[in-house]
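Here is a short tour of one structure, with its ligands and metal sites along the way. Please have the sequence and the 3D view open as you read.

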Amino acid sequence: MTEQTADAGAVRPAAAAFAERILQELPAAVTVQDESGRLILANDAAARQFRGTTNRPDHDVAAMLDGGRTVTREERIDDGAAARALLTVHKPVEFGGRKLLLSSSLDISEQKAIEDDLFRRAYFDELTGLPNRSVIERQTGALLHDTMPHRFALAFLDIDNFKHINDYYGHAVGDALLVGFAKRLALELRATDLVSRISGDEFLLLLNPVQSAAEVGEFIEFLLERLKAPFYIDGSEVFASASIGVSLHPDHGRSYDTLRQNADIAMYRVKSATKGAHAIFDATMEREANERMAIEQSLRQAILDKRFCCAFQPKVDIRTREVKGIEALVRLRDDNGVIQAPGTFVDLAVQLGLIDELTHLVLDEIVRSIDLIDVTFGAHASISINVAAKQAGNHEFMRAFSKALAATECPTRFIVEVTEDAFVAKTHFQTEILPMLRAIGVRISIDDFGIGYSSLSALADITADEIKIDRSFITDIHKRPRSQGILKAIESLSEALGMTVIAEGIETFEELAYLQTMTRIRYAQGYYFSKPIFLEELKSSTPAFIGGRSTESGRHLEPARTSSMRSTISRR
Ligand code: C2E
Ligand code: MG
Ligand code: MG
């Protein structure tokens, strides 16, 4: 203690010693100051708290004594690196005719650090340090309740092909790109604007105030240009772009949810058209979005109701007309009972994450129909099943799918058809997923070859069992020297790599004649032989399209032209 009080002599010595001991042992820091702020008492905890500090928390002792009230407040000691937070109670007291300020503090630095961390986590995105969704929602809410309503804009930004970038360069580069985007965006905004990362590769910008749609459009275009400049990450130049949809208050909505949703709708329009551009919301977009929503709903419903079936198209040996295999092509019976070809719903099913379920439904139907397949096409016919590139790179799905294929008891009859993209994307399809299929005897086919991202030279790195040349090369092949050249090159390369070549989409005798006379291609698929057919139809009618000659290894096909088969399916 720094000073004995005047009354100390009146207190019994033992009690005084006891009180002093207690005061010293108190975990809270206790100080007493006189009117001039001079410290006249400090216990051990206070001495420890202020040791080595020149920055004691400031408080105006005289003012507090004049106020006469007990005051509780948080105070900080900023002492170089280690700032500390104190919770202090100041109580003015009168003692022996003197006005004194009795103060007691607890160090709450740890609790404060936890609180600050929780605050940061609740309101800020850990990766980019930007405010999160709830901050921009509150801020927009505050503007909407402003007594002086004015124009502001919400801009919804989504990075184009971010998934590809992530797959290609890896997640660390993907993360660095997000941070780079966040920095560039923040750099161009005014103090009254706000940018937040609302999820994965999505950002939301609050532009406030704005004058007109034209002014916002101009600024957004400027922003898009800025974002197109390369990012230097890990020694690589990474190019990226974004699509932005904008809604204005009050023109396009008077609530956060409506404005956000309309900006989203406008962004979707950009994505499905050009990408790397912006669109400002308008009413026609809303109508389109509603229609899309209706299709989505009916697709979800169709999956729930299992309103899917398969049509099968044979793969034919063009020399012997023998059916080597069949391809299962999914069909959807829509709300009105009309059969739809996959062109209308497969991409949407991929986007909505419904494709995995759909693929399992296809496999289920194949398994249910296996006896009929054997009777119709022969027990040795291979069975091809299409898998979207996105699924092919998904370990979890492919593991479950391989298991389901193994459970069919005839996995070696199956061929999985994937497009070139599956091999090109950095998803370890070739190194990890493909071996899983091979291990159970399932073969791999490259579908629609020639129209994807890969090049002929990339083919050399792909290990597949079969390659299907896209219909666009086969149509009128006898009249197109350029396609003939390409076909020759694919043919020799595939032969060298030991892959079976299949020509897709043969429709005419002339195309077939060209393949038979001018190439060594053995197998083909196409309307010339057979359109995709429903097995149920075959059961109920005479399967006249199947030639009478049946061999042990399979069935022989006569051209569909000469058959009575009429497919009822709608074409792509
Ligand atoms: P794909 O796997 O390349 O299948 C060949 C497509 O070409 C089929 O269209 C078939 O009906 C059509 N086709 C066959 N021969 C001819 C012909 O001579 N001329 C013409 N113009 N077209 C012919 P479909 O059934 O509409 O299927 C379109 C695409 O949908 C398929 O292309 C495949 O990529 C996808 N698909 C079909 N079923 C499934 C499935 O179960 N899962 C997934 N993920 N995709 C599927
Ligand atoms: Mg296919
Ligand atoms: Mg194809």
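## A loop residue to start from

Let us begin in a loop: Glu409 sits between helix H15 (395–406) and strand E17. Its backbone is worth a look, for Glu409 has a positive phi of about 70° although it is not a glycine. Glu409 counts as exposed because its relative accessible area is 75%, and the cut-off for that class is over 50%. Please keep in mind that this is a predicted model.

Lys306 also has a positive phi, of about 55°, and is not a glycine. You will find Lys306 in the loop that runs between helix H10 (283–304) and strand E13 (308–317). With a relative accessibility of 56%, Lys306 is exposed.

## The chain as a whole

Stepping back, the chain has 572 residues, and 46% of them count as buried. Its secondary structure adds up to 22 helices and 23 strands. Among contacts with a separation of 6 or more, 63% are between residues 24 or more positions apart. The chain exposes about 29,200 Å², and carbon and sulfur atoms supply 53% of that area.

## Two cis peptide bonds

Two peptide bonds that lead into prolines deserve a stop on the tour. The bond between Asn208 and Pro209 is cis, with omega at about -5°; Pro209 lies in the loop between strand E8 (202–207) and helix H8 (213–228).

The bond from His249 to Pro250 is cis as well, and here omega is near 5°. Pro250 belongs to the loop between strand E11 (242–249) and H9.

## Arg260 in helix H9

Helix H9 (residues 256–272) is where Arg260 is placed. Is Arg260 buried or exposed? Arg260 is buried, because its relative accessibility is 15% and the class takes in values under 20%. Leaving aside residues up to four places away in sequence, Arg260 touches Arg133, Leu154, Phe156, Ile198 and Leu204.

## The surroundings of ligand 1

Now for the ligands. A shell of 26 residues surrounds ligand 1, and the closest are Arg331, Asp447, Asp448, Glu507 and Tyr527. By class, this shell holds eleven nonpolar, five polar and ten charged residues. Strand E14 (323–333), helix H12 (355–368) and strand E18 (443–449) each supply at least two residues of the shell. E14 gives the largest share, with four residues.

Several polar atoms are worth picking out in the viewer. A polar side-chain atom of Gln313 is 3.0 Å from a nitrogen atom of ligand 1. In the side chain of Glu327, an N or O atom lies 2.9 Å from an oxygen atom of the ligand. The backbone takes part too: a polar backbone atom of Ile506 is 3.4 Å from an oxygen atom of ligand 1. Taken alone, ligand 1 exposes 790 Å², of which the protein buries 91%.

## The first magnesium site: ligand 2

Which residues are the protein donors of the magnesium ion (ligand 2)? They are Glu327 (OE), Asn386 (OD1), Glu417 (OE) and Asp447 (OD), lying 2.0 to 2.2 Å from the ion. Along the chain these donors follow the spacing E-x58-N-x30-E-x29-D. The pair of Glu417 in strand E17 (residues 414–419) and Asp447 in strand E18 links parts of the chain that are 30 residues apart. Both Glu417 and Asp447 are buried.

## The second magnesium site: ligand 3

The magnesium ion (ligand 3) is coordinated by Asp447 (OD), by Asp448 (OD) and twice by Glu504 (OE), at 1.9 to 2.6 Å. Its donor residues are spaced D-D-x55-E in sequence. Here, too, distant parts of the chain are linked: Asp447 is in strand E18, while Glu504 is in the loop between strand E20 (500–503) and helix H21 (509–518), 57 residues apart.

How far apart are the magnesium ion (ligand 3) and the magnesium ion (ligand 2)? They are 4.1 Å apart, and Asp447 coordinates both. Asp447 counts as buried because its relative accessibility is 7%. Glu504 is likewise buried, at 12% relative accessibility. Asp447 is thus a good residue to centre the view on: it coordinates both ions and is also one of the residues closest to ligand 1.

Methods. Residues are numbered from 1 along each chain as its sequence is written. Chains are lettered from A and ligands numbered from 1 in the order in which they are written. This is a predicted model: local features need pLDDT of at least 70, side-chain atom pairs count only at pLDDT 80 or more; totals for chains, interfaces and linings use all residues. Side-chain values use heavy atoms; hydrogens and water are left out. A residue is near a molecule or strand if one of its heavy atoms lies within 4 Å of it. A polar contact is a pair of N or O atoms within 3.5 Å; within protein, one must be able to donate a hydrogen and the other to accept it, and residues adjacent in sequence count only if both atoms are side-chain atoms. Accessible areas come from the Shrake-Rupley method with a 1.4 Å probe; for residues, only the protein chains shown count as cover. Ala, Val, Leu, Ile, Met, Phe, Trp, Tyr, Cys and Pro count as nonpolar, Asp, Glu, Lys and Arg as charged, and the others, Gly among them, as polar. Donors are N, O and S atoms within 2.8 Å of the metal (3.2 Å for Na, K and Ca); water is not among the atoms, so sites may look incomplete. Buried means under 20% relative accessible area, exposed over 50%, partly exposed in between (1.4 Å probe, protein chains only). Contact means heavy atoms within 4.5 Å.
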